[in-house]
Amino acid sequence: MKTTSDADLLAAARTDPHAFRELYERYATRLHAFHLARCRDDDTAHDLTAETFAQAWLSRTRFKDEAGGSAGPWLFAIARHVLFNSVRRKRLEQSARERLGLLDGIDRAGAPRPDESWLEGIDEALAGLPPGQREAIELRVVDDLDYDGVAERLDTTPAAARVRVHRGLAALRDHFTDSMEAR
């Protein structure tokens, strides 16, 4: 029996939500484990996993099969983006509460704080990229622009913007892989 590829499921999910459910069942456990390893709170990990799939559902028509039929890299990129935005949002909220004197440095709401150690070195790693790649990544990942928006801001084509983001992310992955192996 031939298994339907992730790419085929995402193509079918444009009109059939049951196809997306099958994709969810393939990846939910792994994405939950990804989030749990980083935030160390099961409820938060479930929330982040749900947000990851919500974002995937909303952007399912933009999926490009660049991994030979696997949606894994695409889903984990969305998961990293969701996690990054969650950490950034929590930092901003915490900072605002502290400035207003509402918390005295303590999260009275009891909200779990994600482990941010995985972000250590990101600023230095980004600074080490060529300016075009760094700007493209910041526009795509931090500012959440689509590739057309990135291209417009960088005065280039969407294909060139995609290449810059891809090369920059590959360089960051190599940087962090090397630093993890050095430990």
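The following dialogue examines how terms are applied to a predicted model.

Tutor: In this predicted model, local features need pLDDT of at least 70 and side-chain atom pairs count only at pLDDT 80 or more, while totals for chains, interfaces and linings use all residues. Residues are numbered from 1 along each chain as its sequence is written, and side-chain values use heavy atoms, with hydrogens and water left out.

Student: What makes up the protein, in helices and strands?

Tutor: The protein has 8 helices and 0 strands; helices (H or I, at least four residues) and strands (E, at least two) are DSSP runs, numbered from the N terminus.

Student: How do you know that the span of helix H6 agrees with its number of residues?

Tutor: The expected span is 1.5 Å times one less than the number of residues. For the 12 residues of H6 (residues 131–142) this gives 16 Å, and the end C-alpha atoms are 15 Å apart, which agrees.

Student: Which residues of H6 are called buried?

Tutor: Gln 133, Ala 136, Ile 137 and Leu 139 are buried, that is, under 20% relative accessible area with a 1.4 Å probe, protein chains only.

Student: Why are these buried residues placed on the same side of H6?

Tutor: They cover an arc of only 165° around the axis, so they lie on the same side of H6; the arc is that of the directions from the helix axis to the C-beta atoms.

Student: What makes Leu 9 in H1 part of a contact with H2?

Tutor: Contact means heavy atoms within 4.5 Å. Leu 9 is among the H1 residues that meet H2, where the partners include Phe 20 and Leu 23.

Conventions
Buried < 20%, exposed > 50% of the residue type's maximum accessible area, 1.4 Å probe, protein only.
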